[in-house]
Amino acid sequence: ARSLPSLSALSEVLRLEQSRRTGIVFPLQKLARYLAPGVDTERFRLFQPGLDALHRAEGLFRSDRGHTIDYVSSAVRMDHAPPPNLPEVCFIGRSNVGKSSLIRALFSLSPEVEVRVSKTPGHTKKMNFFKVGKYFTLVDMPGYGYRAPKDFTEMVEAYLQERRNLKRTFMLVDGVVGLQKTDHIAVEMLEEFGIPYVMVLTKIDRASKGVLLKNVLEIQDYVKEKGHGCFPQLFLVSSLEFSGVHLLRCFVAHVTGNLRTVEAR
């Protein structure tokens, strides 16, 4: 078996010293320390699961004999999508935002799961469905903006409007460049359809603290004003360093109804 990437498992993160551990598990809280005094940080700590919840969520992302995680199928049209039997989450974002890399990081404890990460942006041209045992399905959507597939709008809009088992849409934004015009359009679409969604800031290992803070605060202001269907807390992730990945696994488990109690730490 391939060896697992470092820090992909919670047990490894817990061996780190406290400050580094917080940075990996709760990167947004770590960033909050650099805010100007008096800035309201309530939106930074709405979802704060304890260790037990984080461990239970991790179990869902780890395949074993009785629990398989599988790439199920790809679809270009809704009638090709697998039956909507399980709670579902989907990941959308601009081409090259790091969608497939993040999904690969989420599934890193099950290295046999084939998540294709392409060198060329905009390579995901189909909706790719991954089944996580009998618990939920995760969908990697084609990227929008630069090099989006021609029938993107048709495919994605149809999916968002018709998929009855869709519990939450994860909208990825590049942590280095922040919100772009195409992201605003995506938010407007989600709002128009009344789809509950979450904003995830990717590639945080590539952005300086200052840039990251600026982007976080800008997105929070934007969400406060425009994002009625958006979960008020932003999620920060690095697929490379696994920052925020453990917390995101826990949130996915929570919104798909597989983690009834998430006690605060």
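This passage describes two paired strands, a residue in one of them, and a helix in a predicted model. Residues are numbered from 1 along each chain as its sequence is written, and side-chain values use heavy atoms, with hydrogens and water left out. Because the model is predicted, local features need pLDDT of at least 70 and side-chain atom pairs count only at pLDDT 80 or more, while totals for chains, interfaces and linings use all residues.

A good place to start is strand 2 (residues 88–93); helices (H or I, at least four residues) and strands (E, at least two) are DSSP runs, numbered from the N terminus. Six of the six residues of strand 2 are buried, so the strand is largely enclosed by the rest of the structure; buried means under 20% relative accessible area, exposed over 50% and partly exposed in between (1.4 Å probe, protein chains only). In a regular strand the side chains alternate between the two faces of the sheet. Here, Glu88, Cys90 and Ile92 point one way, and Val89, Phe91 and Gly93 the other.

Strand 2 pairs in the parallel sense with strand 4 over four bridges, where pairing requires that DSSP finds at least two bridges between two strands. Val89 stands opposite Leu138 in strand 4. Strand 2 also pairs in the parallel sense with strand 5 (residues 166–174), over six bridges, and Gly93 has Leu172 as its bridge partner there.

Within strand 4 (residues 136–140) lies Thr137, which counts as buried because its relative accessibility is 7%. Leaving aside residues up to four places away in sequence, Thr137 touches Leu86, Pro87, Glu88, Val89, Phe129, Phe130 and Lys131 (contact means heavy atoms within 4.5 Å).

Turning to helix 9 (residues 245–255), ten of its eleven residues are buried, among them His246, Arg249 and Phe251. Gly257, with a positive phi near 80°, follows helix 9.
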